[in-house]
Amino acid sequence: MAAYEVLAASQHVWNVFAAFIGGLVVSGALIWAVRVGMRYMDQEEPRPKAEEQPRLPDGGAVHELREMREPDEMPDMSKTGSRMMPYELHHAATRTGKDQKRRRWLPGSSGAFGSGGPGHV
């Protein structure tokens, strides 16, 4: 019986010793990671000073401008009898619309594409 107690005690000692060695390995890895991080931060450029920070313009904050835009129309070439050539086209541009009233959702006309709703009534 005494032999079993000695074996059990020795197994317990080995478990504690293994846990202690594992803790040393983990703490050593954490210390190494902190030292590598500090070396990396030392190589970075310094942070900007307060006087180097961006400032508001002299006129104050710039606010968003909302306007309704409409596309440029294609010229009606049926009146001239000739067609428009590709080099006469320009990039699609927009201009400020005549009607600046925002389109609103109407309570009776719901249903997005594919929602199964009745659509615009």
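This report walks through the fold, the long helix region, the aromatic pair and the salt bridges of the protein shown above.

**Overall picture**

Please keep in mind that the model is predicted. Its secondary structure comes to one helix and two strands, and read from the N terminus the elements follow the order α-β-β. The helix, α1, covers residues 2-43, while strand β1 takes in residues 69-71 and strand β2 residues 94-96.

How much of the protein is buried? Of its 121 residues, 2% fall into that class. The surface it exposes amounts to about 12,200 Å², with carbon and sulfur atoms supplying 62% of that area. If you look at contacts between residues at least 6 apart in sequence, 49% of them join residues at least 24 apart.

**Helix α1 and the UniProt annotation**

An unreviewed UniProt entry lists residues 12-34 under "transmembrane region". In the model, that stretch is 100% helix and 0% strand, and the C-alpha atoms at its two ends are 33 Å apart.

Helix α1 is also where you will find W14. Together with F17, F20, I21, L24 and V25, W14 makes a nonpolar surface patch of about 660 Å².

**The aromatic pair**

The structure holds one aromatic pair. Its partners are W14 and F17, whose ring centres are 6.0 Å apart with the planes at 80 degrees, so the arrangement is edge-to-face. For that label the planes have to be over 60 degrees apart. Both residues lie in helix α1, three residues apart, which is about one turn of the helix.

Are these two residues buried or exposed? W14 counts as exposed because its relative accessibility is 55%, and the cut-off for that class is over 50%. F17, with a relative accessible area of 46%, is partly exposed. Both W14 and F17 also belong to the nonpolar patch described above.

**Salt bridges**

Side chains of opposite charge can pair when their charged atoms come close. How many salt bridges does the structure hold? There are three, and the table gives each pair with its N to O distance.

| Pair | N to O distance |
|---|---|
| R66 and E64 | 3.2 Å |
| R69 and E67 | 2.8 Å |
| E70 and R95 | 3.2 Å |

Let us take the pairs in turn, beginning with R66 and E64, which meet through their side chains. Both R66 and E64 are exposed.

For R69 and E67, the 2.8 Å value is the separation of the closest N and O atoms. R69 is partly exposed, at a relative accessible area of 41%. E67 is partly exposed too, at 34%.

The bridge between E70 and R95 connects two strands: E70 sits in strand β1 and R95 in strand β2, so this pair ties together parts that are 25 residues apart in sequence. What is the relative accessibility of each partner? E70 comes to 22%, and therefore counts as partly exposed; buried would mean under 20%. R95 comes to 32% and is likewise partly exposed.

**Bringing it together**

Two regions stand out for a closer look in the viewer. In helix α1 you can follow W14 and F17 and the patch they make with F20, I21, L24 and V25. Further along the chain, you can trace the bridge from E70 in strand β1 to R95 in strand β2, along with the bridges of R66 with E64 and of R69 with E67.

Notes. Residues are numbered from 1 along each chain as its sequence is written. This is a predicted model: local features need pLDDT of at least 70, side-chain atom pairs count only at pLDDT 80 or more; totals for chains, interfaces and linings use all residues. Side-chain values use heavy atoms; hydrogens and water are left out. Rings of Phe, Tyr and Trp (its six-membered ring) pair if their centres lie within 6.5 Å; planes under 30 degrees apart count as stacked, over 60 as edge-to-face and the rest as tilted. Helices (H or I, at least four residues) and strands (E, at least two) are DSSP runs, numbered from the N terminus. Buried means under 20% relative accessible area, exposed over 50%, partly exposed in between (1.4 Å probe, protein chains only). A salt bridge is a side-chain nitrogen of Lys or Arg within 4 Å of a carboxyl oxygen of Asp or Glu. UniProt positions are given in the numbering used here, feature names are shortened, and annotations may be inferred rather than shown by experiment. Contact means heavy atoms within 4.5 Å. Accessible areas come from the Shrake-Rupley method with a 1.4 Å probe; for residues, only the protein chains shown count as cover. Patches are made of residues with over 30% relative accessible area and no salt bridge: like charges are joined within 9 Å, nonpolar side chains (Val, Leu, Ile, Met, Phe, Trp, Tyr) within 5 Å.
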